[in-house]
Amino acid sequence: MVLFYKTTDTFQQGSKTLAGHYYTSESIFAEEVERIFCDRWFCVGRAEELPEPGDYVIRHVGRESLILVRDRHGEVKAFYNVCRHRGVRLCSESRGHVSGTIRCPYHAWGYALTGELVSAPFMNEVEGFDADDYALHSVAIATWEGFLLVNLSEHPEPFEEAFAPLIDRFSQWKIPTLRRGDRIEYSLQTNWKILAHNYSECYHCPTVHPALVKMSPAGTSANDLYKGAFVGGPMAIAPTYTSLSTSGKRTLPVVGEVSGDNLQRAYYYFIFPNLLLSLQPDFVMAHRLEPQAPNQTNVICEWLFAPEAVAQPDFDPSDIVQFWDGVNREDWQLCESMQLGVSSRSYVPGPYSAQESLLPEIDRAVLRALGHLTE
């Protein structure tokens, strides 16, 4: 049985916001790149982006460029986008297809979809050269709920251990089977943690999101994960509504096997460090944060629907997408404003309210990862 706690139940009195330099400092951001974005499991997209062997996408984690490619056995592999000869980027397009060989555009070294060096012109003339020594450098990759996650650490924490609180938790939604119905990218002038904080509290909802609060009252928010790297929980959908959308009416099929009380609930989780996952009766919305600088974050928002709905020629998710794009933009404006505020010399940490009980836990997860918190 899953226990829900009101947002105020787990609040730690005396909690305050982080100091301003955690949102503005280049050196702090560099630490985050190394100790969080590279050393933790980091979401880089959906497996459905690579439907066929040879399909690839390029993703960036910090300064690193990665090739994600589906091999001939149907497995998705991840490699550094760096030729083992002289370091040229192998793939310059953000996505594409290779017919069996990833070939360097400079000196034509070629790599199998599993990373092995399979051709190196004239290197047979080099004494002692062994192609087995020059496979692409691989990156740990895992698939969870249809999402692809990578870990650049030399000794990554086993995925099953890192994500133990989430394994099979969302099985009712059948997320791996869902298909993308729409996608919007946002380029925002704000720190990634401000976005994570904004997503993880509804203290601001009555002021900022009146249309959303009408359908899903802010006072119904609760948490079923409130410690560690993964936090969040449900909010109620008011009885007179069946979908959190412009019309408030469900026009698309229920996803997966959602039933019972979950037909009138929406669940929101921050999956540290960069996935914001929203589980609704008729869709799943995922925001992927791609930190670029202390004051810049790209956000990729995708809406996932039942595959039979997406396959229909008259499929139209606009009722849902337009509503949530509006909610997103209401948030983004305030997040960018907050970035300007925490950059002021006058800014000092302020107290969290009991309605923001998850935010201190997010801060602690950051500080632990940076080694700035001893417990």
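The questions and answers below concern the salt bridges, a charged patch, one helix and some backbone angles of a predicted model. Local features in this predicted model need pLDDT of at least 70 and side-chain atom pairs count only at pLDDT 80 or more, while totals for chains, interfaces and linings use all residues. Residues are numbered from 1 along each chain as its sequence is written, and side-chain values use heavy atoms, with hydrogens and water left out.

Reader: How many salt bridges does a search of the whole structure find?
Author: A salt bridge here is a side-chain nitrogen of Lys or Arg within 4 Å of a carboxyl oxygen of Asp or Glu. With that criterion, a search of the whole structure gives a total of 14.

Reader: Which residue forms a salt bridge with arginine 169, and how far apart are the closest N and O atoms?
Author: Arginine 169 sits in the loop between α3 (159-162) and β12 (179-188), and its partner, 55 residues apart from it, sits in the loop between β13 (222-223) and β14 (230-236); helices (H or I, at least four residues) and strands (E, at least two) are DSSP runs, numbered from the N terminus. Arginine 169 counts as partly exposed at 29% relative accessibility, whereas the partner counts as buried at 10%, where buried means under 20% relative accessible area, exposed over 50% and partly exposed in between (1.4 Å probe, protein chains only). The partner is aspartate 224, with the closest N and O atoms 3.5 Å apart.

Reader: Which parts of the sequence does the pair of glutamate 302 and arginine 183 tie together, and how many residues apart are they?
Author: The closest N and O atoms of the salt bridge between glutamate 302 and arginine 183 are 3.2 Å apart. Glutamate 302 is buried at 4% relative accessibility, while arginine 183 is partly exposed at 26%. Because glutamate 302 lies in strand β18 (residues 296-305) and arginine 183 in strand β12, the pair ties together parts that are apart in sequence by 119 residues.

Reader: Which residues are linked with Arg183 and Glu302 in a network of salt bridges?
Author: The salt bridge between glutamate 302 and arginine 183 belongs to a network of salt bridges. The other residues linked in that network are Arg180 and Glu185.

Reader: Are glutamate 290 and arginine 288 buried or exposed?
Author: Glutamate 290 forms a salt bridge with arginine 288, and their closest N and O atoms are 3.2 Å apart. As for their cover, both glutamate 290 and arginine 288 are buried.

Reader: How many of the twelve residues of helix α9 are buried?
Author: Helix α9 covers residues 359-370 and reaches 17 Å from its first C-alpha to its last, close to the 16 Å expected at 1.5 Å a residue, the expected span being 1.5 Å times one less than the number of residues. Among its buried residues are Glu361, Asp363 and Arg364. The helix is mostly covered, and the number of its buried residues is eleven.

Reader: What is omega for the cis peptide bond that joins phenylalanine 272 and proline 273?
Author: Most peptide bonds are trans. Proline 273 lies in the loop between β15 (265-271) and β16 (275-279). For the cis bond that joins phenylalanine 272 to proline 273, omega is about 5°.

Reader: What is the phi of phenylalanine 122?
Author: Phenylalanine 122 is found in the loop between β9 and β10, and this residue is exposed, with a relative accessible area of 62%. Most residues other than glycine have a negative phi. Phenylalanine 122 is not a glycine, yet its phi is positive, at about 70°.
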